Structures are given as structure tokens and as C-alpha cells.
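Good morning, and thank you for joining this group meeting. I would ask you to keep the structure in view while I speak.

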Amino acid sequence: MDEATARGLDSDGYQKPDEKTGFERSTDTIIEFDSSIYGGLEDSANGTTGIVFIGRSDGEGGDVTADVPGSVIEGKGYADGTPHQLAISQDERNTIKYAKENCDKVVVIIDSSNVIEIGDLMNDDSDVSADAILWIGGPGGQGFKAMSEILCGDVNPSGKTVDDWMTDIMEDPSTSNFGNAEYENLYLLQGGYPNPVGDSTEMNFIEYEENIYVGYRYYETVDDTGGTFTVNGKDNRTMPTPCRCRSAMA
């Protein structure tokens, strides 16, 4: 790994990793190593537990990248066929497969503040199924210390997730509004009221058409109460299949 270079996956292919920081914006590339770098390590992997990290960058200044028909980001999936930023990429799948083939057990660490699709990781019949999954959210300065204590069995996290994790995020009607749409007639003047100075800056926006049916209010109430809302001109009450991940380490 010291000699290898991670690669950033986007809609055009594999690029130099885009590792922007601060308020410049979060990156929408999926950064991972090509699993071929682990070739030759098979003997040292025998009898061990493989720990695979799946990470996503989260922050201000950019929405989730996805191929959403009819949206401002239609066609903005990933070159390897990964449909959106919250799905597992082919590099990540290949790394998990390598760990499954050569290690006795496989633990997948979800290093992401956002939910991602982990249905295949939980499915025993999947070629990327994991023996355990640990979601660490945004670990901050001390989170990885707690993670190591959990993995070593020194503590039991007894964690319960507070949200539903979708098996297919793209079935959620709110995804129709993914992407940073741009106002054509609104500008922000730098400097503030009453004497703004500087150049006009075009403003982005995201539509929230779900009314009150956001998050659990959608998954748990819209169908039972007969609630409806319109997204991109279409009435939608179709209930996607939630993947309820109630334990922090399953």
C-alpha cells in the first residue's frame, strides 16, 4: 500500500484522487485502491480477520452524485456502473471479495456520515457478504479508538441505528431532486446589506417536494395515512423496501 496510489472514480473513469478539504466542497469521487495491490499477500491473510473500510466524503457544497433520469444530474453515475455515490463501487466489491477468499472472517467498517446501500453486505448469498458490519459515522478525533475497542471485543457497542437504511436508495422519490439546480434569476451580492460590494454569484437550490414525508415520516406513515406528494410532476406513493439495520455490529 505504501507503493500504491488510490484512484478516484467518477463518471469519466479513474482519476487522480480528488481530496478537497475545508469548505471548498466535499468530493463526490469514490476513492479506493485497485484490489490487485493485495496480490501476493494471500499466505499472510490466512487465519486472520479481514477489515475492509468503505468510506464516503460528506460535507457542505455538493449534493450526492447519481444518475437520476429527469434531474439536473442525469447521467452523473460512475464509469464502473456504480449508479450513485451511496452504492458500493466495483473496487470496493473486489476488495471485499479478496478478503472473503483469503481471510477467515470479514468485517466491513462503514466510515460515512450518510447512509449507503449495504443490502449485499448483509445477504448471506451475496459474493460480498460480511460476517460483521460496523457503522462508525463521522469518527472525529476519538472515534477510531472506540472502534478498536469494539473490534477487539473490549466493549459491546449495543448500538442501534436511528434511521432506516434503504436496500435501493433510488426507489425513494426524493432522489428525483438530487443535484444542485441553479437559479436563473437570483444572485447573491458579496458584502451584505445595505451596501453590498463585489461580483454577483449565481445561487444553487434543491427542491424538497416531500412535504412532511421526510425520512421516517415517509417510510412509516405515507402509505398508512394515504398521504401523497408530487415529485417532478408525478404523484408518488410507492413504498421502497427499507433495510433496517438495528444493531451497530451484526
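Ile-51 stands opposite Val-107, a residue of β5. Please bear in mind throughout that this is a predicted model. The pair belongs to a longer register: β4 is joined to β5, residues 105-111, by seven bridges, and the two strands run parallel. Another pairing in that register involves Gly-50, whose bridge partner in β5 is Val-106.

Let me now turn to the sheet. In what order do the three strands of the open sheet come? The order is β4-β5-β6, with parallel pairing. The edges are held by β4 (49-55) and β6 (132-135); each has a single partner strand, so one side of each is left without a neighbour in the sheet. From one strand to the next, the twist averages 20°.

Two helices deserve attention here. Helix α2, residues 90-102, packs on the sheet and touches β4 and β5. The direction of α2 makes about 170° with that of β4. Helix α4, residues 143-151, also packs on the sheet, where it touches β4, β5 and β6. The direction of α4 makes about 155° with that of β5.

I return to β4 and its two faces. In a regular strand, side chains alternate between the two faces of the sheet. Which residues of β4 make up the covered face, and which the uncovered one? Gly-50, Val-52 and Ile-54 form the covered face. Thr-49, Ile-51, Phe-53 and Gly-55 form the uncovered face.

Two residues of that uncovered face, Ile-51 and Phe-53, appear again at the surface. Together with Phe-144 they form a nonpolar patch, with about 260 Å² of accessible area in total. Phe-144 is found in helix α4. Its relative accessible area is 37%, so Phe-144 counts as partly exposed.

Finally, consider Lys-100, which lies in helix α2. With a relative accessible area of 33%, Lys-100 is likewise partly exposed. Which residues does Lys-100 touch, leaving aside those up to four places away in sequence? They are Val-106, Ser-126, Asp-127, Val-128 and Ser-129. Val-106 is the residue already mentioned as the bridge partner of Gly-50. Lys-100 and Asp-131 are 31 residues apart along the chain, and their C-alpha atoms are separated by 9.4 Å.

To close, I would leave you with the picture of an open, parallel sheet in the order β4-β5-β6, on which helix α2 and helix α4 pack. Thank you for your attention.

Terms used. Residues numbered from 1 in each chain as written. Predicted model: local features only at pLDDT ≥ 70, side-chain atom pairs only at ≥ 80, totals over all residues. Heavy atoms only, no water. Pairing = 2+ DSSP bridges. Helix = DSSP H or I, 4+ residues; strand = E, 2+ residues; numbered from the N terminus. Axes fitted to C-alpha atoms, helices over the stretch in contact; angles between N-to-C directions. Contact = heavy atoms within 4.5 Å. Patch = residues over 30% accessible without salt bridge, like charges linked within 9 Å, V, L, I, M, F, W, Y side chains within 5 Å. Areas by Shrake-Rupley, 256 points an atom, 1.4 Å probe, with all protein chains shown as cover. Salt bridge = Lys/Arg side-chain N within 4 Å of Asp/Glu carboxyl O. Buried < 20%, exposed > 50% of the residue type's maximum accessible area, 1.4 Å probe, protein only.
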